[in-house]
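Trainee: I am new to this entry. Could you show me the structure and let me ask how its labels are justified?

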Amino acid sequence: MSTELVIKDLRISVGEKPIIKGLNLTVKQGEIHALMGPNGSGKSTLANALMGHPFYSVDSGEVTFGGVDVLELEPNERARLGLFLAFQYPTAIPGVSMANFLRMAVSAVRTENSNGSETTELIPMRAFRRELREKMKQLGVDESFARRYLNEGFSGGEKKRAEVLQLAMLEPKIAILDETDSGLDIDAVRIVGESLNQLIGPDLGVLIITHYPRLLTYIRPQFVHILLDGRIVESGGWELAELLEKKGYDPIREKYGISPEVLADDDVEDPLSALRR
Ligand code: ADP
Ligand code: MG
């Protein structure tokens with residue numbers, strides 16, 4: 001049976017500021033949804049909160065995954081259920097190789113009774129290596145990737161490919177991809193798009209978050225939703241993405257009487273990184 005992620009009347013705030021203001025969305029395994037919206041519309045807020053990021057507070061509403069109340073669960077428990085988030089701003093972890101990180105993550109998700117801590121029983125090295133090599137080959141990722149420290153000194157494109165490799169290894173049921181195309185040049189978007197395409201199938205549901213339609217030309221979503229001021233204001237098919245490509249967000253803003261906020265280019269730095277320092 002296909003598993004569903006069901007979001008009902010969700011409200012999320014950052015500090016005192018309401019960002020998501022009553023959002024409804026259902027994503028099923030095997031479906032591809034695109035969530036599009038201008039900078040600052042709350043796309044990352046939604047993605048991070050769905051995965052359980054403590055910085056974002058869920059004020060009300062419901063999120064269930066296969067009937068389980070997700071909002072009660074820790075991020076690692078959400079991952080074990082089959083939820084995955086590819087970060088808009090992947091963090092570098094010097095000293096932790098990609099291979100070690102992936103082996104730990106895969107073990108934590110697959111091992112019975114794992115609590116996600118360092119006591120998690122690791123899956124056998126040989127089998128893991130074989131699987132990693134296969135997936136890297138499938139995605140056209142260079143083998144040297146496995147030995148490099150996680151995201152340390154990675155180019156924008158490499159960071160996003162590392163996220164796609166994690167997706168391939170963790171084999172989630174529903175993947176949320178937060179601007180997996182942001183900051184990439186046209187060639188890098190194509191590579192990421194083609195890699196994602198290889199992973200898409202009946203067992204994987206995808207929520208692709210983006211504000212450019214380009215990535216979507218590789219991964220034709222069946223459903224396109226437009227997020228504006230914390231709500232999905234329109235849902236439709238491919239024609240919505242085409243409309244945005246042609247006219248931008250202004251006609252939709254006008255239609256719903258929402259004035260554009262002037263925001264800095266969010267592709268440059270993670271707003272949360274200031275907090276981590
Ligand atoms: P998007 O991903 O659609 O560009 P975000 O979800 O990142 O939008 O941001 C939505 C709103 O929430 C913005 O107005 C932003 O200022 C605010 N916000 C998000 N994260 C933070 C943060 N860490 N600190 C302060 N404000 C934040
Ligand atoms: Mg964002």
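Mentor: In this predicted model, a backbone N or O atom of Gly40 lies 2.8 Å from an oxygen atom of ligand 1.

Trainee: What makes the pair at Gly40 and ligand 1 a polar contact?

Mentor: The cut-off is 3.5 Å between N or O atoms. The Gly40 pair lies at 2.8 Å, so the pair counts as a polar contact. Backbone N or O atoms of Gly42, at 3.0 Å, and of Ser44, at 2.9 Å, also face an oxygen atom of ligand 1 and are within that cut-off. Taken alone, ligand 1 exposes 550 Å², and the protein buries 79% of that.

Trainee: Which elements give two or more residues to the shell around ligand 1?

Mentor: They are β2 (17-28) and α1 (43-51). The largest share, three residues, comes from α1. By class, the shell has six nonpolar, six polar and three charged residues.

Trainee: How do you know that β1 and β4 are paired?

Mentor: Pairing takes at least two bridges. Seven bridges join β1 (residues 4-14) to β4 (residues 57-65), so the two strands pair. They run antiparallel, and Ser13 stands opposite Ser57 in β4.

Trainee: Why are β2 and β5 called edge strands?

Mentor: The open sheet has the order β2-β1-β4-β5. β2 and β5 (68-69) each pair on one side only, and therefore they are the edge strands.

Trainee: Where does α1 pack?

Mentor: α1 packs on the sheet, touching β1, β2 and β4. The direction of α1 makes about 115° with that of β1.

Notes. Residues numbered from 1 in each chain as written. Chains lettered and ligands numbered in written order. Predicted model: local features only at pLDDT ≥ 70, side-chain atom pairs only at ≥ 80, totals over all residues. Heavy atoms only, no water. Polar contact = N/O pair within 3.5 Å; in protein donor to acceptor, adjacent residues only side chain to side chain. Areas by Shrake-Rupley, 256 points an atom, 1.4 Å probe, with all protein chains shown as cover. Helix = DSSP H or I, 4+ residues; strand = E, 2+ residues; numbered from the N terminus. Nonpolar A, V, L, I, M, F, W, Y, C, P; charged D, E, K, R; others polar. Contact = heavy atoms within 4.5 Å. Axes fitted to C-alpha atoms, helices over the stretch in contact; angles between N-to-C directions.
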